[in-house]
Each structure stands twice: as C-alpha cells, then as structure tokens.
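Colleague: Before we discuss this model, I would like each label set against its cut-off.
Modeller: Then let us look at the structure and take the labels one by one.

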Amino acid sequence: MMEDTAPSSDHPSSTPVVTPGKGFTKTCKGGVVVLIGGYALLQLIPGSINYLAIIPAKTIPFVWTLFTAGYIEQVLPGAIGNSLGLLFCGKDIEPVWGRKELLKFIILVNFISSILAFVIAVALYYITGKESFLTTPLSGFHGVLAAFLVALKQLLPNLELPMCFFWKIKAKWMPLFVMTFSTVMAFIVVESINFLPTLLAGTYVGWIYLRYFQKNPLTGLKGDPSDDFSFASFFPDFMRPVTEPVANTFDKLCCARSRAGHQALPVSDPSKASRRRERGEKALEERLAGENAGGTIEVTSRGESDDTNA
C-alpha cells in the first residue's frame, strides 16, 4: 500500500520537491498559545467547560461553543500533541498558502467540524438511547489536525512522516492511517469514541474545501480536480472498485452545484488537470529555490563587502 512507482525521467513528478519548513511560523506559535491557554483556563476554572465545549444537550442555547470548542483542550496530552501537530504541519503548509489562508482554513474547519460533531452526537443518542452522547463535552483541535493531514497529502504526498522508532509513512496515506487507527481504538477504548466524530468531520471537511473551493496556490484554479486528490485516492488501489462508486455518490449529492459552477475545473480531462498541477508545482519549486538562492547571495555579498572594508 505504501509503495509508489518511480516517475519517468522525461515527465516531471506530480509531487513538489519542497523541503519541510526550517522553522515554526509565528501564526502557528500563536495557535499554540491559544491551545495551551484554553487548557490552562479549564484547570483554573473547571466550570468553564460548560460554556466553551460542545455539550449537545446545551448547544442550542450556547451556540457560541461551535466556535470555541475547537480551541479548548481538556487533557494535557491532547494540548501537547495538538500543539506539536500544529507547529510541524503548519511550518510546511503556511509557506505555500500564506498566513491569511491558513487562518481561514483553521476557522472554517473548526466551525463546520463542530457542527457535524454535534449532529453525529445527537444522531448517536437517538440510535443508542445513551444520554452520555448528549452530556459528554466535545472539544479539541484534532479535527483541524486531521484536515492538515489532508492538506499535506495534497501538497507533499511523498513527504515521509515519522511515526515511531524507524517507521515512517508517506503523507498521502496518513489520513487513512489516522482514520483507521482511531476507529479501531474507539472499539477498544470506549472513551476515545468521543474523538472520532470530530476526526472524521475534520478529514472530510478539509478535503471538500481543498477539492472544490480553495484557490489552489499551485495551479491558480479554484479547487484541485486531479485524480491524485480524488476521494478514492485516500484508499489503496485494491479498494478502488468499492470506494469509487461511493465517492461518486457523495460527489453528486454534496458537490454537484459547486462543480457545475466551476467552469475552470477540467473534471472531464484529469490528465490536463494533472499537467497544470505539475506546472504549478514546478513554478513553486523554482520560486522557493530562488528565495533560498537569494538568501545565499545576500549573505555572500555581505561577506565580500566586509572583506573589502577590512
């Protein structure tokens, strides 16, 4: 599942050769302050969770929790893990998207994921009859992190992400791995099922936005219609006969209007979309290489100037 065919020498790779960011961005550092601050607030004022996290039984009067829940961490491991995820994912994504687009993505995914998590919790209550689905506080940044993994799949699909010890997994398979692992853990550790709705919602919302609505910085088009970023591409090839019909059904139900309105999306010719994406990726590589070269030239010039003055 993790193997890839090497690209031919006469055809540019569909993956941008972009090295991971050298440092954490100010935007992501500010996000970490918010996450740690949210956790600290709960420790100082435990009762504030009733007004900041999503409690499905109280969400209708407390609708602002749909905005705040994503930034409130209830446990220390979650605060640390999500903070690290924000730093390391953000340093690769923000240089390509820019600060404004990154913040827009975070706010959008957090809000819509919160709505979906609320709907799923209420549905589970009516299906199972368990009141815990209505009274358990739902919060955390993990929905956005799931969407970040989708973004890395789009931008740097062959980037190897370390998991544990010597095992690494390519970014294009990370969303599937996280969803599978989280689903299995939900059956083993009952408490972890509270994270599953937000993770699933974050993954799907992130893909919908990047697939159909974001102005792609690599191609200049609205959305990313390439086969490499289709819903079926999240799954191994042997699952395509099952996933493609399901993906097409969801596509028609959820995004037919969006697709019909986007004349720039060459959905009928995926090969042209891939070539445009490759040209955009090549331009991005050249721009980043130029910026790095510019920094080197500036340092060299300063050194020569210092030698002359001496």
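Colleague: Which residues touch the most other members of the largest nonpolar core?
Modeller: Of its 44 residues, those are Leu86, Ile93, Trp97, Phe105, Phe141, Phe148 and Leu210. A nonpolar core is a set of buried Ala, Val, Leu, Ile, Met, Phe, Trp, Tyr and Cys residues joined through side-chain atoms within 4.5 Å, where buried means under 20% relative accessible area, exposed over 50%, and partly exposed in between (1.4 Å probe, protein chains only). The largest share of this core, 10 residues, comes from H7. This is a predicted model, in which local features need pLDDT of at least 70 and side-chain atom pairs count only at pLDDT 80 or more, while totals for chains, interfaces and linings use all residues. Residues are numbered from 1 along each chain as its sequence is written, and side-chain values use heavy atoms, with hydrogens and water left out.

Colleague: What does Ile93 touch?
Modeller: Leaving aside residues up to four places away in sequence, Ile93 touches Leu102, Phe148, Ala151, Leu152 and Leu155, contact being heavy atoms within 4.5 Å.

Colleague: Why is Lys91 said to form a salt bridge with Asp92?
Modeller: The term requires a side-chain nitrogen of Lys or Arg within 4 Å of a carboxyl oxygen of Asp or Glu, and the closest N and O atoms of Lys91 and Asp92 are 3.8 Å apart, so the pair satisfies the definition. The structure holds 1 salt bridge.

Colleague: Are Lys91 and Asp92 buried or exposed?
Modeller: Lys91 has 10% relative accessibility and therefore counts as buried, and Asp92, with a relative accessible area of 9%, is buried as well.

Colleague: How do you know that the span of H5 is close to the expected one?
Modeller: The expected span is 1.5 Å times one less than the number of residues; H5 has 30 residues, for which 44 Å is expected, and reaches 43 Å from its first C-alpha to its last. Helices are DSSP runs (H or I, at least four residues), numbered from the N terminus. H5 is followed by Gly129, whose phi is positive, near 80°.

Colleague: Why is Leu84 called partly exposed?
Modeller: Its relative accessibility is 43%, so Leu84 counts as partly exposed. Leu84, found in helix H4 (residues 76–97), joins Phe24, Leu76, Ile80 and Phe88 in a nonpolar surface patch of about 450 Å².

Note on methods: Patches are made of residues with over 30% relative accessible area and no salt bridge: like charges are joined within 9 Å, nonpolar side chains (Val, Leu, Ile, Met, Phe, Trp, Tyr) within 5 Å. Accessible areas come from the Shrake-Rupley method with a 1.4 Å probe; for residues, only the protein chains shown count as cover. Helices (H or I, at least four residues) and strands (E, at least two) are DSSP runs, numbered from the N terminus.
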